[in-house]
Amino acid sequence: MSKKSYIDYEQLVQKALRTVVRESLLFATKKGLPGNHHFYIAFATDHPGVDLPDYLKEQYTDEITIVLQHEFWDLVVEEDRFAVTLCFNDIHERLLIPFDAIISFVDPTVKFGLQFTPNLEEKIEKPKKAPVKLSEISEKSVDIADFESEPAESGSNVVTLDTFRKKP
């Protein structure tokens, strides 16, 4: 493995912002989700370390968005991943999701959201399949109950790293 000859600030910022996701989930494990808070978490289903049932991987070949609001169970947060039980078609399924697999995290209650660039070095290359329509999952948002900040002038606290990326 070769050493980088530069400081990868984008990767450092993404790692720091993933800590916001982790801390929000930890808050939910300890105190629950207050008020109307809820989390929409989109993640790459083909990312190494993601563990979900085969039928979900077949249906959502690239990414899926889950909602943590009223019906989720056994949320466990570790240093580099979290696990949660959700209900799909009346079947309870256990999901294991590394924080590096997360694509977006949104809390619509407070108009807060984060978008991440997948770490391409860690992603497994596989042939592309036809795109999956996620018509039932159109909004990606997540609640962060313990995050305090002043809303931006537009009323939104969405942080996108695209502004800071080098243009090709």
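In the predicted model, strands E3 and E4 are joined by a hairpin through 3 residues. Strand E3 comprises residues 73-77, and its pairing with E4 is antiparallel, extending over 3 bridges. Two residue pairs illustrate the register of this pairing. Trp-73 is placed opposite Thr-85 of E4, and Val-77 faces Phe-82 of the E4 strand.

On the other side of the chain connection, E4 leads into a second hairpin, formed with E5, in which 2 residues lie between the strands. Within this turn, Asn-89 adopts a positive phi of about 50°. Strand E5 spans residues 91-98 and pairs with E4 in the antiparallel sense over 8 bridges. In this pairing, Leu-86 is positioned opposite Glu-93 of E5.

Strand E4 (residues 81-88) thus takes part in antiparallel pairing both with E3 and with E5. The accessibility of E4 was also examined. Of its 8 residues, 6 are buried, that is, under 20% relative accessible area; strand E4 is therefore largely enclosed by the rest of the structure. In a regular strand, side chains alternate between the two faces of the sheet.

Terms used
Residues are numbered from 1 along each chain as its sequence is written. This is a predicted model: local features need pLDDT of at least 70, side-chain atom pairs count only at pLDDT 80 or more; totals for chains, interfaces and linings use all residues. Side-chain values use heavy atoms; hydrogens and water are left out. Buried means under 20% relative accessible area, exposed over 50%, partly exposed in between (1.4 Å probe, protein chains only). Helices (H or I, at least four residues) and strands (E, at least two) are DSSP runs, numbered from the N terminus. Two strands pair if DSSP finds at least two bridges between them.
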